[in-house]
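Student: I would like to learn to read a ligand shell and an overall fold. Where do we start?

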Amino acid sequence: MTAADLGTIRIGTRASLLARTQTQTVADALTARGAEVEIVHVSTDGDRTQAANTPLAGSGVGVFTSALRDALLDGRIDVAVHSYKDLPTAGLSGVVLAAVPERADPRDVLVARDQMVLGELPPGSVIGTGSPRRAAQLNALGLGLEVVGIRGNVETRIRKVTDGEVDGVVLARAGLARIGRAGEATEVLDPLQMLPAPSQGALAVECRAADTELESFLRSTLHDESTFLAVTAERAVLQELGSPCSAPIGALADVVEDLDDDGRIVERLSLRAFATTAEGALVRNSATGETKDAEQIGRSLAAELLADGAEPRSVEAP
Ligand SMILES: NCc1[nH]cc(CCC(=O)O)c1CC(=O)O
């Protein structure tokens with residue numbers, strides 16, 4: 001079987017610039033392997049409510065991803081490309097994760113007025129973010145920053161800085177890079193200060209479970225195993241804590257080369273994560289282990305966070 005035998009592969013994307021560019025990257029990779037692709041725009045509740053000036057927290061799990069999954073299940077598209085961090089941890093019957101491409105820089109960045117870095121912002125500076133994870137970590141820095149809820153797509157959020165509505169915003173570097181604006185970041189935030197969301201910077205490529213030939217084609221063309229192992233550990237933390245992707249939880253894993261007792265090079269997985277107590281204080285922890293145990297490493301780390309006082313959350317529900 002060759003790629004051409006798969007017919008035209010319809011790839012669904014949300015309408016935002018960010019979504020369209022990341023979908024195009026996937027489409028280009030498939031085309032380069034001889035596939036015929038068509039890009040189909042699917043509008044989502046998450047896009048329709050972008051205009052509302054309310055923070056993202058509480059807007060429901062999977063608002064950005066469920067419309068794409070619906071389009072996949074009812075046959076309007078064959079492949080869905082999601083920002084992995086926007087996908088709920090629970091799987092969906094009839095849909096498989098076919099590939100996780102190599103991820104972009106997972107870190108968050110600051111885009112602030114007057115080229116400032118966090119440490120230069122005077123106390124009382126207003127930082128806009130709709131993310132409880134970013135808010136919790138900004139508050140924990142003790143810089144006297146005032147965190148306010150904002151939302152909107154990446155371009156809208158940057159404009160709030162340019163317009164002087166806020167002194168700065170915190171965004172995912174991968175999102176900025178995908179729309180060609182990574183250069184507008186005034187500081188790349190060290191994960192010691194700002195742990196990214198589990199699976200930030202990674203994409204999830206889904207297809208129908210029944211399309212097994214398409215699934216193998218997507219995997220062989222797009223999948224990156226090290227990225228997959230890292231995000232598996234990160235998302236296991238989220239799942240074990242029973243949290244939606246909007247929760248104040250950060251996790252970042254790396255697959256690193258290490259030497260075993262006989263001096264042979266082995267790959268190991270190193271994971272760090274934080275959650276918050278009921279009072280809003282940060283609880284951090286880290287762990288390392290064998291890459292094959294990625295999911296277990298994430299689960300155990302979540303258990304340690306709970307033992308250290310992290311607030312357990314209700315099971316994912318809309
Ligand atoms: N929550 C919105 C969202 N979903 C995915 C990205 C881009 C980064 C990524 O793909 O992980 C962003 C923007 C942001 O967080 O600044």
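Tutor: Start with residue classes: Ala, Val, Leu, Ile, Met, Phe, Trp, Tyr, Cys and Pro count as nonpolar, Asp, Glu, Lys and Arg as charged, and the others, Gly among them, as polar. This is a predicted model: local features need pLDDT of at least 70, side-chain atom pairs count only at pLDDT 80 or more, and totals for chains, interfaces and linings use all residues. Residues are numbered from 1 along each chain as its sequence is written.

Student: How many residues of each class does the shell around the ligand have?

Tutor: Five are nonpolar, four polar and two charged.

Student: Which residues surround the ligand?

Tutor: A residue is near a molecule if its C-beta atom, placed from the backbone, lies within 6 Å of it. Here they are Leu18, Ser83, Lys85, Asp86, Val154, Leu171, Ala172, Ala174, Gly175, Gln200 and Gly201. Strand S8 (168-172) and helix H6 (173-178) each give two or more of them. Helices (H or I, at least four residues) and strands (E, at least two) are DSSP runs, numbered from the N terminus.

Student: Which domains does the shell draw on?

Tutor: Domain bounds come from an automatic or database domain assignment. At least three shell residues come from each of domain 1 (3-101 + 202-223) and domain 2 (108-188). The assignment also gives domain 3 (230-307). The centres of domain 1 and domain 3, over C-alpha atoms, are 26 Å apart.

Student: What share of the 318 residues is buried?

Tutor: Buried means 20 or more other C-beta atoms within 10 Å of a residue's own, with C-beta atoms placed from the backbone. Buried residues make up 44%.

Terms used: Buried ≥ 20, exposed ≤ 12 C-beta atoms within 10 Å, placed from the backbone.
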